[in-house]
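Thanks for sending this one over. Here are my notes, set out point by point so that you can follow them with the model open beside you.

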Amino acid sequence: MDCYVGIDLGSTTTKSIYMTPDEKILGRGITNSRSNYALACEVASDEAEINSRFNLLRDRLTSVERERDNAEKMMNWLECRFRLAQHLAQVDALEEECHGIVKEWPDEAVQCEYDAALDTIFSAMREQARRMFQPAETARSDFFRDIAASHYLESAEAIAQNNSLSFDRLTGIYDRAILAVEGKNFSSGYHECLEFACAETVSRAGFEGKRGIIREATQYAAEVEFNVLNTIGTGYGRQTLPFPKHQIRSEILCHGLGAHFMFPETRTVLDIGGQDTKAIQVDEQGIVTNFQMNDRCAAGCGRYLGYIADEMSMGVHELGPLALKARKAVRINSTCTVFAGAELRERLAVGERREDILAGLHRAMILRAMSLLARSGGIRDQFTFTGGVAKNQAATLALGRLVNENYGERKINISPDSIYTGALGAALFAKRDQRGDLVNVDLSKLKKQVS
Amino acid sequence: MFYDEGAVVVSSSYAKVGGLYDTGFRHDPNRPLETLAEYCMGCYTNMNLPQRIEYLERSINEFEADGFLINSIKSCNSFSAGQLLILRELESRTGRAGGFIESDLVDPRYFSAANIKNRLESYFQMVEAKRQG
């Protein structure tokens, strides 16, 4: 199957899109960027391929299974158990690394104590994972690092208390081990994980008679070969990839084109990513006519929210929902990541509610974006908001209010897949410019070239 | 960064801080103080915004530039004031793409090579995309 690939190497996450020659999205992949862009690129691309296969599998199952609801249920179980297989493979690797670290210690008695503790922790982690990767469950994060840290630390805290072990020492083992695990790609074992997912799904009550259908559909999706016609890289880390110059595009152009593809009437785009904010004006073809982005200071970008979440001991996904419970927006003067931390503590000290402070923080962040939008030429109809921060409901609420106050009524578009906008634009550029030298690129080889 | 992108600067307003000799101005040895005053009044940073816009528009058209780039200098108010307004007006008058970067002449804290590179690359790609239509 011919396809084009777009890869967006963001500072926080790396995204990939597989697209057909008639511009249909085959699949999407995302991973955390870690400190290795080449690996992140490889993982995101593999994840997009996996997602493409799952979409083909869904189409196949839906076409052969007469009951649509039943096909959807099968798909949900297959996907969840596939993710479970991927997760468990990483848990195994993490456990091996942890035991390896303990083995380096000089005192054998201490080694035994901590080995036993690790056995208990990892046994609990596997149980938690089996409960978590089920259709009805929703994870706070898609990334192994976040899920594993949450599960590991929860068990480690209980074990440290009950067995007089050092919690800090257990945390230290994890911190070292996760780096090694994150340095490997666990998204390449599609066939093994699918085998596991199939076996788990066909053994479930209600699917006994569906064994043949599931086997046939999964085999079909597994055997599809993707013939990559061209690949384009974009994003914050694009310079680190050994792509030829003509296969790298600025993320500003990619976001403009991606937003145009999702919402063709788009004329102004705001993208708030991890490290930068971009205000982009596009014409009716999706070609950028003007843009403004923040200078070297990344105040008011996604990382700012991450820092605030750390300050409040919360997950970054929890900030928006909490801010929506505000009764007023406390005035926050700075979107500087450093000053905002101090201001946050000061507001808490004078008795302001966390919800109200967070509403003020989101407003301050959007105010900064409004200034960039004004500098780029204002907000024209329609207005599309992209990037990871577009998932934050408090940010979109503040944006809607400020747009209305300053520009009047504008149609604001926010796609649930807005985080993929840059990768989508890159895939479209890959299709438009077919001079690709990266045809059927083996991304695993890029790592060696980069290092 | 310009060289990497195959871009050439054909004209610059910065060189006109020292006077607009290209428009025909010359010092007159018979009227030294008067022409010195005229020189000072006529140099780029002493022009008002409409005069600057007209001068830049003429330059862009004369040199048949594909676009124009504005470098906002944080510590030079006389040069940087009104630049966004100038940018908008020039874009609408000439139809050429305007770019905007921010840095400083002397203070390295205001300079970020990666940020400038990103903006310049985006700008040149935007000019190219516009050119291809």
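**Notes on the interface and two sheets**

1. Let's begin where the chains meet: chain B brings 26 residues to the contact and chain A brings 23 residues. Please keep in mind that this is a predicted model. Together, chain B and chain A bury about 2,000 Å², with 47% of that area on carbon and sulfur atoms.

2. How many salt bridges are counted between chain B and chain A? The count is 1. E102(B) and R375(A) form a salt bridge through their side chains, at 3.2 Å from N to O. Across the interface of chain B and chain A there are also 10 residue pairs in polar contact, with both residues at pLDDT 80 or more.

3. Which elements give two or more residues to the side of chain B that touches chain A? They are helix 1 (2-5), helix 5 (83-94), strand 2 (97-103) and helix 6 (113-132) of chain B. Helix 6 of chain B supplies the largest share, 11 residues. By residue type, the side of chain B that touches chain A splits into 11 charged, 9 nonpolar and 6 polar.

4. Now for chain A on its own. An open sheet of 4 strands there follows the order 3-2-1-4, and its pairing is mixed. Strand 3 (25-32) and strand 4 (227-234) of chain A are at the edges with a single partner strand each, so each has one side without a neighbour in the sheet. From one strand to the next, the twist averages 15°.

5. Within that sheet, strand 2 (residues 13-19) and strand 3 of chain A run antiparallel and are joined by 7 bridges. If you would like a pair to look for, T14(A) has T31(A) in strand 3 of chain A as its bridge partner. Helix 1 (residues 37-64) of chain A packs on the sheet, where it touches strand 1 (2-9), strand 2 and strand 3 of chain A. The direction of helix 1 makes about 145° with that of strand 3 of chain A.

6. Chain A also has an open sheet of 5 strands, ordered 7-6-5-8-9 with mixed pairing. Why do strand 7 (288-293) and strand 9 (412-413) of chain A each have one side left without a neighbour? Both stand at the edges, and each has a single partner strand.

7. Strand 8 (residues 383-386) and strand 9 of chain A run parallel, joined by 2 bridges; T384(A) has N413(A) in strand 9 of chain A as its bridge partner. Helix 13 (residues 393-407) of chain A packs on this sheet, touching strand 5 (268-272), strand 8 and strand 9 of chain A. The direction of helix 13 makes about 155° with that of strand 8 of chain A.

Technical notes: Residues are numbered from 1 along each chain as its sequence is written. Chains are lettered from A and ligands numbered from 1 in the order in which they are written. This is a predicted model: local features need pLDDT of at least 70, side-chain atom pairs count only at pLDDT 80 or more; totals for chains, interfaces and linings use all residues. Side-chain values use heavy atoms; hydrogens and water are left out. Contact means heavy atoms within 4.5 Å. Buried area is the accessible area (1.4 Å probe) that two parts lose on being put together, summed over both. A salt bridge is a side-chain nitrogen of Lys or Arg within 4 Å of a carboxyl oxygen of Asp or Glu. A polar contact is a pair of N or O atoms within 3.5 Å; within protein, one must be able to donate a hydrogen and the other to accept it, and residues adjacent in sequence count only if both atoms are side-chain atoms. Ala, Val, Leu, Ile, Met, Phe, Trp, Tyr, Cys and Pro count as nonpolar, Asp, Glu, Lys and Arg as charged, and the others, Gly among them, as polar. Two strands pair if DSSP finds at least two bridges between them. Axes are lines fitted to C-alpha atoms, for helices over the stretch in contact, and angles run from 0 to 180 degrees between N-to-C directions.
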